[in-house]
Amino acid sequence: MNKLVFKTEKALDEAAAGIIAALLQTKPDAVLGFATGSTPLGIYGELVRLHAEGKISFREATAFNLDEYVGLPRHHPQSFHAYMQKHLYDHIDILPQNRHIPDGSAPDPEAECLRYDELLRQAGRIDLQLLGIGHNGHIGFNEPAPGLIGGTHVAELSEQTRQANARFFPSFEEVPKFAITMGVGSILQARRILLVAKGADKAGIVRRALCGPITTQVPASLLQTHPRLTVLLTEDAAG
Ligand code: PGA
């Protein structure tokens with residue numbers, strides 16, 4: 001594990017975007033794994049800037065998102081489809097057919113999970129997976145549990161996760177109860193993983209995930225087994 005600690009969020013964002021940019025420069029057809037939430041916003045801002053300056057192109061790249069809420073249509077402002085459009089895809093040259101996000105409004109979510117796994121299989125391994133971490137140690141929407149699922153599946157969101165995400169919805173009741181998420185097996189198959197955490201409120205779970213026992217009750221702790229894990233932390237998240 002390679003751990004990098006930054007004084008400011010901006011420095012972290014620049015470093016993370018620099019790692020992604022370096023990959024695209026050496027492998028323009030890279031397969032990227034993207035995340036949503038507050039954590040990667042600044043990183044996407046940096047990628048947009050690097051693209052606008054002509055330093056990187058996503059034209060040959062493919063991207064897979066980790067997850068999507070079940071029941072939210074793509075155009076819903078809180079869908080992860082809308083998030084990716086707004087913060088990244090509207091501003092870069094990635095081809096529409098190469099952007100993959102689970103379809104949370106698919107009539108048969110189980111069939112959608114199988115479709116997503118097939119797309120992942122066809123793409124080969126993800127070259128670089130960007131990850132945030134939930135306060136309960138979730139990655140994607142793989143919540144703490146006695147056992148975890150390897151492939152894409154429908155996950156029930158924990159109360160804690162719904163509370164954390166309620167800030168984006170008019171009320172707690174409107175936060176979806178289920179999501180489609182890539183499984184930990186698919187995440188761990190990525191060639192390289194960038195785990196990013198910002199803020200003092202993440203310090204406790206970062207410590208448990210990286211220094212505690214490997215347990216499905218802290219899904220991010222499984223990342224300790226990954227051969228190419230880079231952890232990027234702000235000073236306060238590093239504790
Ligand atoms: P956050 O979410 O980036 O909004 O803190 C992280 C996560 O839940 O994985």
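In this predicted model, about 180 Å³ of space lies in the second largest pocket. Ten names make a good first stop for anyone new to the structure, for the lining of this pocket consists of R74, H81, Q85, Y89, P96, R99, H100, I101, R115 and L119. Two or more of the lining residues are given by each of three elements, namely α3, β5 (99–100) and α4 (109–123). Sorted by class, the lining of the second largest pocket holds four nonpolar, three polar and three charged residues.

The largest pocket comes next. The space in the largest pocket amounts to about 760 Å³, and its lining is made up of 36 residues. Nearest the centre of the largest pocket lie T36, G37, S38, N165 and R167. At least two lining residues come from each of β4 (67–69), α3 (80–87) and α5 (159–165), and α3 supplies the largest share, with five residues. The classes in the lining of the largest pocket are 13 nonpolar, 16 polar and seven charged. Helix α3 is thus a helpful landmark for a newcomer, as α3 gives residues to the lining of the largest pocket and also to the lining of the second largest pocket.

Helix α3 also has a helical neighbour to consider. Two packed helices are described by the angle between their axes and the distance between the axes. Helix α2 (residues 41–52) packs with α3 at an angle of about 40°, and the two axes are 10 Å apart. The two helices, α2 and α3, are therefore oblique to each other. On the α2 side of the contact stand L41, Y44 and V48, which meet Y83, M84 and H87 of α3. Five of the residues in this contact are nonpolar and one is polar, while no charged residue takes part.

Attention can now turn to the strands. Strands of a sheet pair through backbone hydrogen bonds, either parallel or antiparallel. One open sheet in the model is formed by seven strands in the order β1-β10-β9-β6-β2-β3-β5, with parallel pairing. At its edges are β1 (2–6) and β5, each of which pairs on one side only. Within this sheet, strand β2 (residues 31–34) pairs with strand β6 (residues 128–131) in the parallel sense over two bridges, and L32 is found opposite L128 in β6. Helix α1 (residues 9–26) packs on the seven-stranded sheet, where α1 touches β1, β2, β6, β9 (192–197) and β10 (229–234). The direction of α1 makes about 155° with that of β10. Helix α4 packs on this sheet too, touching β2, β3 (62–65) and β5, and the direction of α4 makes about 145° with that of β3.

The model also has an open sheet of three strands, arranged in the order β4-β8-β7 with antiparallel pairing. Here the edge strands are β4 and β7 (153–156), each pairing on one side only. From one strand to the next, the twist averages 30°. Strand β7 pairs with strand β8 (residues 178–181) in the antiparallel sense over four bridges, and the bridge partner of E156 in β8 is F178. Helix α4 packs on this three-stranded sheet, touching β7 and β8, and its direction makes about 125° with that of β7. The pairing of β4 with β8 is likewise antiparallel and runs over three bridges.

One residue of β8 is worth finding in the structure. Residue A179 in β8 is the bridge partner of Y69, and A179 is also the bridge partner of A155. Helix α4 is a further element to trace by eye, as α4 touches β7 and β8 of the three-stranded sheet and packs against β2, β3 and β5 of the seven-stranded sheet. Helix α4 also gives residues to the lining of the second largest pocket, where this tour began.

Notes:
Residues are numbered from 1 along each chain as its sequence is written. This is a predicted model: local features need pLDDT of at least 70, side-chain atom pairs count only at pLDDT 80 or more; totals for chains, interfaces and linings use all residues. Side-chain values use heavy atoms; hydrogens and water are left out. On a 1 Å grid over the protein atoms alone, a cavity is a set of points where a 1.4 Å probe fits but cannot get out, and a pocket is an open set with protein on both sides within 12 Å along at least five of seven lines; lining residues have an atom within 4 Å of a point. Grid points are joined across faces, edges and corners, and a volume is the space filled by probe spheres set on the points. Ala, Val, Leu, Ile, Met, Phe, Trp, Tyr, Cys and Pro count as nonpolar, Asp, Glu, Lys and Arg as charged, and the others, Gly among them, as polar. Axes are lines fitted to C-alpha atoms, for helices over the stretch in contact, and angles run from 0 to 180 degrees between N-to-C directions. Angles under 35 degrees count as roughly parallel, over 145 as roughly antiparallel, 65 to 115 as roughly perpendicular and the rest as oblique. Contact means heavy atoms within 4.5 Å. Two strands pair if DSSP finds at least two bridges between them.
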